[in-house]
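Dear colleague,

I am handing over the structure we spoke about, and below it I have set out what I found when going through it. Please read the notes with the structure open beside them.

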Amino acid sequence: MTQQAQQTQQQTQRTTAGDRDDRDGVGPGSAIAPETVLAPPRAPGARRLWPRSFADRLTAPLPGLRAFARLAREGALRPPPARLADIRRLPFDPGPLPRVDARTVAVTWAGHASWVVRIGGLTVLTDPVWSRRILGTPARVTPVGVAWSALPRVDAVVISHNHYDHLDAPTLRRLPRDTPVFVPAGLGRWFTRRRFTRVTELDWWEAAELDGVRFDFVPAHHWSKRSLVDTCRTLWGGWVLTDGEGQRVYFAGDTGYGHWFERIGARYPGIDLALLPIGAYDPRWWLSDVHCDPEEAVRAATDLGARRMAPMHWGTFLLSAEPVLEPLTRVRAAWEKAGLAREDLWDLPVGASRVLAA
């Protein structure tokens, strides 16, 4: 290793150590609570050194051989036939994208964790999956809610983590290679190998900015894996998008329930809309650490202090054993039980849109 490379690695280690203190809620040498001070945006596209593994960020141990044996024994990866009868009733109501200006925030649910977010004059795609099939999963049970040809120019893409139902190579190949892409730490190489030229990798609590919109990468209770040999080699998380007017949309990506929601809400007060996962939760002994159930998603929205919640991560790909309509009925019941205003639950059909009133 050259002397210059050693100096760069040492600087990265010092920065990572300081960031770890901040992630744990104690800013080094500061009397100010770190959640009251946002980090300045980082330069987009900067090349960075990352640790070989992010396993130290796990908030629960990954399942071992005994858990896999139980799962194989119980065969609980998909709903049984009796629980599939309601597929035809899954809400699907595509419509035209709403007209927006630079001060308008609008969201359209394309299905699963894929949203078309219009904010600050930008069109942002979250975890875009327009494919009918993804590796290891039956074909989607509802069509994509937005035709690719109906999209305006895509100004940016945010990725939460590298699982196949969130990072879809066939969909991303449709994008111009100069599309700005914001990704978790360690995932940049996946994009640069595919000739994307404007790739920004961020650690938790870091931010970048594009045309007046701030992109903050925040923690999640999840993990990463895309092959047999890359477990936790890249980070995972969610995104807070903030426009010049201070309007905020939180995209949780894929996450279980836990302490991060309260911390995110403290650091980013006034979240106008939280896009939160409510599906892929059964059996709980297997999935509770990495996927919220509907009641936990409502609790997360409350922890965040979010004014509104839009459910996602259900009704598209059958990833677990719950009845296909159960996430919707349970989230509605949990929202009502929590005493929250019905109009603030944006339980959209696939393909539907909602505009955030200024």
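Which residues in H7 meet which residues in H8? From H7 the contact takes in Pro294, Glu295, Val298 and Ala301, and from H8 it takes in Pro327, Arg330, Val331, Ala334 and Trp335. Before going further I should say that this is a predicted model, and everything that follows should be read with that in mind.

**The helix pair H7 and H8**

Sorted by class, the contact of H7 with H8 is made up of seven nonpolar residues and two charged residues, with no polar ones. Two packed helices are described by the angle between their axes and the distance between the axes. For helix H7, which covers residues 294-304, and helix H8, which covers residues 326-337, the angle is about 45° and the axes lie 8 Å apart. H7 is therefore oblique to H8, and the crossing in which H7 passes H8 is right-handed.

**The seven-stranded sheet**

Strands of a sheet pair through backbone hydrogen bonds, either parallel or antiparallel. One open sheet has seven strands in the order E6-E5-E4-E3-E2-E1-E13, and its pairing is mixed. Its edges are formed by strand E6 (199-202) and strand E13 (353-356), each of which pairs on one side only, and from one strand to the next the twist averages 20°. Within this sheet, strand E3 (residues 122-126) and strand E4 (residues 156-158) are paired in the parallel sense over three bridges, and Leu125 has Val157 in E4 as its bridge partner.

Two residues in this part of the chain deserve a closer look. The first is Val117, which lies in strand E2 and counts as buried, its relative accessibility being 1%. Leaving aside residues up to four places away in sequence, Val117 touches Ala106, Val107, Leu122, Thr123, Val124, Thr126, Leu241 and Leu275. Of these contacts, the one with Leu241 joins residues 124 apart in sequence, whose C-alpha atoms are 9.4 Å apart in space.

The second is His112, in the loop between strand E1 (105-111) and strand E2 (114-119). Most residues other than glycine have a negative phi, and most peptide bonds are trans. His112, however, has a positive phi, near 55°, and it is a buried residue, with a relative accessibility of 2%.

**The six-stranded sheet**

Another open sheet consists of six strands in the order E7-E8-E9-E10-E11-E12, again with mixed pairing. Here the edge strands, each pairing on one side only, are strand E7 (207-210) and E12, and the twist from one strand to the next averages 20°. At the E7 edge, E7 and strand E8 (residues 213-218) pair in the antiparallel sense over four bridges, with Leu210 standing opposite Val213 in E8. As for E12, strand E11 (residues 273-277) pairs with E12 in the parallel sense, over four bridges, and Pro277 has Met312 in E12 as its bridge partner.

In a regular strand the side chains alternate between the two faces of the sheet. In strand E12 (residues 309-312), Met309 and Pro311 point one way while Ala310 and Met312 point the other way, and all of them are buried.

**The loop between E11 and H6, and helix H5**

The loop between E11 and H6 holds two backbone features that you may wish to inspect. Ala280, which lies in this loop, has a positive phi near 65°, although Ala280 is a residue other than glycine, and Ala280 is buried at a relative accessible area of 5%. Pro283 is placed in the loop between E11 and helix H6 (284-287) as well, and the peptide bond leading from Asp282 to Pro283 is cis, with omega near 10°.

Finally, how much of helix H5 is covered? Helix H5 (residues 260-267) is mostly covered, six of its eight residues being buried. The buried residues are Trp260, Phe261, Arg263, Ile264, Gly265 and Arg267.

With best regards

Conventions. Residues are numbered from 1 along each chain as its sequence is written. This is a predicted model: local features need pLDDT of at least 70, side-chain atom pairs count only at pLDDT 80 or more; totals for chains, interfaces and linings use all residues. Side-chain values use heavy atoms; hydrogens and water are left out. Axes are lines fitted to C-alpha atoms, for helices over the stretch in contact, and angles run from 0 to 180 degrees between N-to-C directions. Angles under 35 degrees count as roughly parallel, over 145 as roughly antiparallel, 65 to 115 as roughly perpendicular and the rest as oblique. A crossing is left-handed if the near helix is turned anticlockwise from the far one by less than a right angle, and right-handed if clockwise. Contact means heavy atoms within 4.5 Å. Ala, Val, Leu, Ile, Met, Phe, Trp, Tyr, Cys and Pro count as nonpolar, Asp, Glu, Lys and Arg as charged, and the others, Gly among them, as polar. Buried means under 20% relative accessible area, exposed over 50%, partly exposed in between (1.4 Å probe, protein chains only). Two strands pair if DSSP finds at least two bridges between them.
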